[in-house]
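Student: Could we go through this one together and check the wording against the cut-offs?

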Amino acid sequence: MHKGPLGPMNQEPDEQARVRAVLDRKPGAFEALVRDYQKLCWHIVFRMVGNPDDARDLCQETFLRVHRQLHQFRFECPLKSWIGRVAYSIALRHLERRRAARVISFDGEDEAALESLADESFDLEAASADEEQAVHLREAVDSLPAVPRMLVTLYHLEELSIAEIASITSMSDGTIKSHLFRARHSLRDSLRRRGVVEP
Amino acid sequence: MTAPGRSAAIAKALAMQTHELPANFPAEVAALAQARASARHVGLNDLALLGAFVLMIGICIAGWFIFEPQASGAAEWLDPVVRAMNSQPWLAVGVAGVAIVQMLTFRRRTNT
């Protein structure tokens, strides 16, 4: 269990009340909860499975499981992380059934070598300044493997912290950072191959 | 290891996605979750009811065997039923099953 930034002290003050409202079957309570967290769920599931129809079904399965198991939520982490964890485990199981995902651990990797992958001389912002270049970048992100693609989405789009992503995925901080560095390196290579940036 | 910097360009590219959940997704999921929760609730009630029913039948059968020898001719009106049960036991089981299903169905209708 991750403490510190995800501890109970940092939870939204109305989180217990909203969970209680769902458990008490107050009208509209669960619908509001789904509305608030559907984007997070979609980003995790869709980025992992890649297929929108499968992703919709899996998001539905996620929230049905959340509804069924909400009484087991002990407020040891934010509700957002708990729901994200449910979505991640459902998407991962779906991929494992199709033998389409491998979660690679990068624990103990050489940090200096890894940070060199970041290549700060490469200006990603400039490389995707106009719409056409941004489309190339999106296609490059889409071509990443399932797990890094999801991590990149959570970090750059959802702006979750490394600790929050670790809480959702149960990966170590080092593994997540390694995936992010490697993904950025891979995006740079992909854009260079497309001729978007100078080699 | 320091965390990599966030990129507005990647965020912008990711935000360009064309697929998303339908607008009525929260309402549909909430309705489905409610329906499944109700089904689970009724299922437990039905099991409790069935248990009580079986217990009641058991008490009746036990009472029959305990008090039947003491009764003289009081249960003669049951003889045709007993004979029918002896000759067609599966028919009796079937009739009892239909009766239980009908009772549970009626109860579910009154609950919803």
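Tutor: Sure, we'll take the helix packing, then the cysteines, then chain B.
This is a predicted model, where local features need pLDDT of at least 70, side-chain atom pairs count only at pLDDT 80 or more, and totals for chains, interfaces and linings use all residues. Residues are numbered from 1 along each chain as its sequence is written, chains are lettered from A in the order in which they are written, and side-chain values use heavy atoms, leaving out hydrogens and water.

Student: Why are α7(A) and α1(B) called roughly perpendicular?

Tutor: Their angle is about 80°, with the axes 8 Å apart. Roughly perpendicular covers 65 to 115 degrees, so that's the label α7(A) and α1(B) get.

Student: What makes the contact between them, and what kinds of residues are in it?

Tutor: With contact meaning heavy atoms within 4.5 Å, α7(A) brings Glu131(A), Ala134(A), Leu137(A), Arg138(A) and Val141(A), while α1(B) brings Ala9(B), Ile10(B), Lys12(B), Ala13(B) and Leu14(B). Seven are nonpolar, three charged and none polar.

Student: How do you know that Cys41(A) is in no disulfide?

Tutor: A disulfide needs cysteine sulfur atoms within 2.5 Å, and the nearest one to Cys41(A), from Cys59(A), is 3.4 Å away. Over all chains, the search finds zero disulfides.

Student: Why are Cys41(A) and Cys59(A) called buried?

Tutor: Buried means under 20% relative accessible area (1.4 Å probe, protein chains only). Cys41(A) has 1% and Cys59(A) 0%, so both terms fit.

Student: How much of chain B is buried?

Tutor: By that cut-off, 18% of its 112 residues. Chain B has four helices and zero strands.

Note on methods. Axes fitted to C-alpha atoms, helices over the stretch in contact; angles between N-to-C directions. Helix = DSSP H or I, 4+ residues; strand = E, 2+ residues; numbered from the N terminus. Parallel < 35°, antiparallel > 145°, perpendicular 65-115°, else oblique. Nonpolar A, V, L, I, M, F, W, Y, C, P; charged D, E, K, R; others polar. Buried < 20%, exposed > 50% of the residue type's maximum accessible area, 1.4 Å probe, protein only.
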